[in-house]
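Opening the notebook on a new model today. I want its overall build first, then whatever the aromatic rings are doing.

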Amino acid sequence: MVRYRLSATAQADIVDILAWTQEQFGESARLRYERLIVAALRDVATQPGRPGSLERPELGAGVRSWHLRLSRGHVGSAAGVVRRPRHFLIYRLGPDLLVVGRVLHDAMELARHLDPATSWE
């Protein structure tokens with residue numbers, strides 16, 4: 001597994017997503033979505049170029065996306081299933097570190113929310 005880091009913006013995205021989920025659907029739904037995000041992070045850290053991940057050159061060199069729905073099978077069944085996950089991990093792999101730059105809703109125009117020239121610190 002490759003080491004990974006979330007940018008400050010990706011961390012804020014996750015906090016916002018989970019807060020909204022709890023507000024709209026309750027604590028159990030938030031916990032299911034949280035587990036799904038963790039599974040997705042583990043999936044891309046285990047195999048960054050795994051089948052289903054997409055190269056996103058319009059978002060910058062080496063940038064890829066991974067839709068959370070592709071990780072649903074990697075969450076324990078006792079946790080419950082997120083039926084329609086709606087977010088992408090936007091990430092890139094450096095020499096020894098995978099960096100998640102954003103976690104964005106799949107209805108968003110991704111390029112509007114990710115400047116290729118901006119650092120992912």
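**Burial and build**

I looked up burial first: 43% of the 121 residues in the protein are buried (under 20% relative accessible area, 1.4 Å probe, protein chains only). Note to self: this is a predicted model, where local features need pLDDT of at least 70, side-chain atom pairs count only at pLDDT 80 or more, and totals for chains, interfaces and linings use all residues. Residues are numbered from 1 along each chain as its sequence is written, and side-chain values use heavy atoms, without hydrogens and water.

Next I read off the secondary structure, as DSSP runs (helices H or I, at least four residues; strands E, at least two). I got 2 helices and 5 strands, in the order β-α-α-β-β-β-β.

Then I checked size. The C-alpha trace spans about 35 × 30 × 20 Å along its principal axes. The radius of gyration is 14 Å, which agrees with the value near 14 Å for a compact globule of 121 residues; it is taken over C-alpha atoms, and the rule is 2.2 Å times the number of residues to the power 0.38.

I also pulled contacts (heavy atoms within 4.5 Å). Of those with a separation of 6 or more, 56% join residues 24 or more positions apart.

**Aromatic rings**

Which rings pair up? I found 1 aromatic pair, with centres required to lie within 6.5 Å. W20 and F25 form it, edge-to-face (planes over 60 degrees apart), at 5.7 Å centre to centre and 75° between the planes. I looked up their cover too: W20 is partly exposed at 47% relative accessible area (between 20% and 50%), while F25, at 55%, counts as exposed (over 50%).

Note on methods
Phe/Tyr/Trp six-rings, centres within 6.5 Å; stacked < 30°, edge-to-face > 60°.
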